[in-house]
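This report covers pockets and one strand with its neighbours. Please view the model alongside the text.

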Amino acid sequence: MRAVLCKSYGPPESLVVEDMPDPVAGPGEVVVDSAVIGMNFFDSLIIQNKYQVKPDLPFSPGAELAGRVIRVGPGVEPSWMGRRVAAWVGYGACRSQVVVRTDQLVPIPDGLADEAAAGLMVTYGTTLHALKDRARLQAGETLAVLGASGGVGLAAVEIGALMGARVIACASSQDKLAVARDHGAAELVDYGSGELREALKAATGGRGVDVVYDPVGGALAEPALRSIAWKGRYLVIGFAAGEIPKIPLNLVLLKGCDVQGVFWGAFTEREPAANAANIATLMQWAQEGRIRAHASAVFPLEETAAAIRLIAERKAAGKVLVRP
């Protein structure tokens, strides 16, 4: 098989592609012949040893994939053989064949393309957990999405609109905002050319935003929090800007608001049944065409470094995929 390997920590260009022996499935495992691998922002961090998960070297990046089961290990139901599946593995997916535990597998519904299924697990899984389980977003509420054209950003725009919220997409250019508008945003805020706090205040008639979805962090965090409504919910998704913001806690007091952490990876391990129900919902929505799992670029496995670079520089609108 072919594998993308991180042998020493560094930028995407330090990754290498090598031939390796085909993997063997152990007890409770299967081998999946990868059709599509979904790449995410944290892939740019994990290869630099800047992510909270720190695999032993060498390892492969890539947390999610779609493909077909080609081998099953001892104790595994033979019915898995030949099935189309998606999987979340944390890291190690950038290979033409991947060993996956059966509890990490999700059957892909008929009629749903591998490309869509591979892009659902992380960004849409994170977002549904954030909006449904953490913020308990209600129909009619306002949802401000920072970084609205990125992978998790577009997922938040789509799912927020599907849940009945009035979505305010916030991004750094008009081109990025146009993508968010096409995915269901009702209002657009260009924070690349204006003041975020004032724009959100104007968009809500001075009331403030019920829920802020923030995968960016950095300098945008405090003005976004200052824009929140009484008893609003601020969702901490990630820090694509590179800087972890320091929030003045007096703002939380004055707004009577909640600041909520969203760590989907830990949620999948701690609450597997709840996560499985969320993923089943996402698969159904995707099959019905209610969410699109938009992919902005597809790279061959040998160009995984270019795929990660595109995400790291925040030039991708939606998901970036790799195909072995």
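In this predicted model, 16 residues line the second largest pocket, and those nearest its centre are Asp 103, Gln 104, Thr 268, Pro 272 and Asn 275. Strand 7 (105-107), helix 9 and helix 10 (272-287) are the elements that give two or more residues to this lining. Helix 10 gives the most, with four residues. The volume of the second largest pocket is about 310 Å³. Its lining comprises nine nonpolar, four polar and three charged residues.

The largest pocket holds about 1300 Å³ of space. Its lining runs to 50 residues. Phe 41, Phe 42, Ile 237, Gly 238 and Phe 239 lie nearest the centre of the largest pocket. At least two lining residues come from each of helix 1 (41-46), helix 3 (123-134), helix 4, helix 9 (264-270) and strand 15 (319-323). Helix 9 gives the most to the largest pocket, with five residues. Helix 9 is also among the elements that give two or more residues to the lining of the second largest pocket. By class, the lining of the largest pocket has 28 nonpolar, 17 polar and five charged residues.

The table sets out the lining classes.

| Pocket | Nonpolar | Polar | Charged |
|---|---|---|---|
| Largest pocket | 28 residues | 17 residues | five residues |
| Second largest pocket | nine residues | four residues | three residues |

Now to strand 8. Is strand 8 (residues 142-146) mostly covered or mostly exposed? Strand 8 is mostly covered, with five of its five residues buried. In a regular strand, side chains alternate between the two faces of the sheet. On one side of strand 8 sit Thr 142, Ala 144 and Leu 146. Leu 143 and Val 145 are on the other side. Residues on both faces are buried, and buried here means under 20% relative accessible area.

Which strands pair with strand 8? Strand 9 (residues 166-171) pairs with strand 8 in the parallel sense, over five bridges. Between these two strands the chain passes through helix 4 (residues 151-162), and this β-α-β crossover is right-handed. Strand 11 (residues 209-214) also pairs with strand 8 in the parallel sense, over three bridges.

Val 145 links to both partners. In strand 9, Ala 169 stands opposite Val 145. In strand 11, Tyr 213 is the bridge partner of Val 145. Val 145 is itself buried.

Helix 4 joins the two topics. The crossover from strand 8 to strand 9 runs through helix 4, and helix 4 supplies at least two residues of the lining of the largest pocket.

Note on methods
Residues numbered from 1 in each chain as written. Predicted model: local features only at pLDDT ≥ 70, side-chain atom pairs only at ≥ 80, totals over all residues. Heavy atoms only, no water. Buried < 20%, exposed > 50% of the residue type's maximum accessible area, 1.4 Å probe, protein only. Pairing = 2+ DSSP bridges. Right-handed = clockwise from strand over helix to strand, strands pointing away. 1 Å grid on protein atoms, 1.4 Å probe; cavity = no way out; pocket = protein on both sides within 12 Å on 5 of 7 lines; lining within 4 Å. Points joined across faces, edges and corners; volume = space filled by probe spheres on them. Nonpolar A, V, L, I, M, F, W, Y, C, P; charged D, E, K, R; others polar.
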